[in-house]
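Work through the exercises below with the sequence and the coordinates open. Each task is followed by a solution in steps.

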Amino acid sequence: LELMADCMSGAWALDVDTRGLLEPDDINEAANLTLEKLGDPTFIDPYDPQAHGTGEQRLQAFLSGYDDGFLGCNIQM
């Protein structure tokens, strides 16, 4: 569920970007922050109910939403 939320935030970022509301480097900054700071620590079990995913997993989910919108998140609208 947490990776789905990351994907949805990418889809939202795509929408905001298409409206011209992002600065040129905003997506790169979000990607770097996600990769470097937002992954679970190594001592968190991936199946822990509180797990959010590794930085790489979270970045991939965000970029799937950013690249393909809701369809990248496997959401049919």
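## Exercise 1: Threonine 34

Task: find which residues threonine 34 touches, not counting residues up to four places away in sequence.

Solution. Threonine 34 touches Gly39, Gly55, Arg58 and Leu59, where contact means heavy atoms within 4.5 Å. This is a predicted model, in which local features need pLDDT of at least 70 and side-chain atom pairs count only at pLDDT 80 or more, while totals for chains, interfaces and linings use all residues. Residues are numbered from 1 along each chain as its sequence is written, and side-chain values use heavy atoms, with hydrogens and water left out. Next, place the residue: threonine 34 lies in helix H2. Helices (H or I, at least four residues) and strands (E, at least two) are DSSP runs, numbered from the N terminus. Last, threonine 34 counts as buried because its relative accessibility is 9%. Buried means under 20% relative accessible area, exposed over 50%, and partly exposed in between (1.4 Å probe, protein chains only).

## Exercise 2: Helix H3

Task: compare the span of H3 with the expected one, then list its buried residues.

Solution. The expected span of a helix is 1.5 Å times one less than its number of residues. For the 14 residues of H3 this gives 20 Å, and the end C-alpha atoms are 20 Å apart, so the two agree. The buried residues of H3 are Gly55, Arg58, Leu59, Ala61, Phe62, Ser64, Gly65 and Tyr66; they pack against H1 and H2. Take serine 64 from this list: with a relative accessibility of 19%, it counts as buried. Leaving out residues up to four places away in sequence, serine 64 touches Cys7, Gly69 and Gly72. Just after H3, glycine 69 has a positive phi of about 65°.

## Exercise 3: Helix H1

Task: repeat the span check for H1 and state what covers its buried residues.

Solution. Helix H1 (residues 2-18) has 17 residues and should span 24 Å; its end C-alpha atoms are 25 Å apart, which agrees. Its buried residues are Asp6, Cys7, Gly10, Ala11, Ala13 and Val16. Their cover includes helix H2 (26-37) and helix H3 (55-68). Aspartate 15, also found in H1, is partly exposed, with a relative accessible area of 31%. Its C-alpha atom is separated by 7.9 Å from that of glycine 69, although the two residues are 54 apart along the chain. Just after H1, glycine 20 takes a positive phi of about 75°.

## Exercise 4: The disulfide

Task: search the whole structure for disulfides and describe what is found.

Solution. The search finds one disulfide, defined as a pair of cysteine sulfur atoms within 2.5 Å. It joins cysteine 7 to cysteine 73, S to S 2.0 Å. The link of cysteine 7 and cysteine 73 is left-handed, with -100° about the S-S bond. Cysteine 7 lies in helix H1 and cysteine 73 in the segment after H3, so the pair ties together parts that are 66 residues apart in sequence. Both cysteine 7 and cysteine 73 are buried.
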